[in-house]
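Reader: Please take me through the helix packing and the charged pairs here, with the reasoning behind each answer.

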Amino acid sequence: MLPCLWKQTFNIDCMGCGMQRSIALILHGDLVAAFYMYPAIYSLIALFSFLLLHLKFHFKNGHRIILGLFLLNISIIVISFIIKTFLIN
């Protein structure tokens, strides 16, 4: 795994910490542990999958769906970061 420079410098997790391990857990078939490691992993997969499909097929309101998925992902990432950093210790 690649080291997190943010965590090495400031000694706290960044908003992306856990994503690599979550992808590794998905590849090993442990889907529940992947969610607990990084809660936004499945919505990120949905976002990038839809983005690729939209680039290929040019859906009529695809940009609105992508914006909605983007906002959903940002919300999940920020909320899970706040919970992990400030509430779970």
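Reader: Which residues of α4 do Met19, Ser22, Ile23 and Ile26 in α2 meet?

Author: The model is predicted. In it, Met19, Ser22, Ile23 and Ile26 are the α2 side of the contact. By class, the contact has 7 nonpolar residues, 1 polar and no charged ones. The α4 side consists of Ile41, Tyr42, Leu44 and Ile45.

Reader: Are α2 and α4 roughly parallel or roughly perpendicular to each other?

Author: The axes of α2 and helix α4 (residues 41-57) lie 11 Å apart. Their packing angle is about 80°. Angles of 65 to 115 degrees count as roughly perpendicular. Therefore α2 and α4 are roughly perpendicular.

Reader: How many salt bridges does the count come to?

Author: Lys7 pairs with Asp13, with the closest N and O atoms 2.8 Å apart. Asp13 also meets Lys84, at 3.8 Å from N to O. Both fit the cut-off of within 4 Å, and the count comes to 2 salt bridges.

Reader: How many residues apart are Asp13 and Lys84?

Author: Asp13 sits in the loop between α1 (5-10) and α2 (19-27). Lys84 belongs to helix α5 (residues 62-87). The pair links distant parts of the chain, 71 residues apart.

Reader: Which residues do the salt bridges that share partners join into one network?

Author: Asp13 bridges to Lys7 and to Lys84. Relative accessible area is 21% for Asp13 and 33% for Lys84, and Lys7 has 38%. Because partly exposed covers the range between 20% and 50%, each of these residues counts as partly exposed. The network is made of Lys7, Asp13 and Lys84.

Notes. Residues are numbered from 1 along each chain as its sequence is written. This is a predicted model: local features need pLDDT of at least 70, side-chain atom pairs count only at pLDDT 80 or more; totals for chains, interfaces and linings use all residues. Side-chain values use heavy atoms; hydrogens and water are left out. A salt bridge is a side-chain nitrogen of Lys or Arg within 4 Å of a carboxyl oxygen of Asp or Glu. Buried means under 20% relative accessible area, exposed over 50%, partly exposed in between (1.4 Å probe, protein chains only). Helices (H or I, at least four residues) and strands (E, at least two) are DSSP runs, numbered from the N terminus. Axes are lines fitted to C-alpha atoms, for helices over the stretch in contact, and angles run from 0 to 180 degrees between N-to-C directions. Angles under 35 degrees count as roughly parallel, over 145 as roughly antiparallel, 65 to 115 as roughly perpendicular and the rest as oblique. Contact means heavy atoms within 4.5 Å. Ala, Val, Leu, Ile, Met, Phe, Trp, Tyr, Cys and Pro count as nonpolar, Asp, Glu, Lys and Arg as charged, and the others, Gly among them, as polar.
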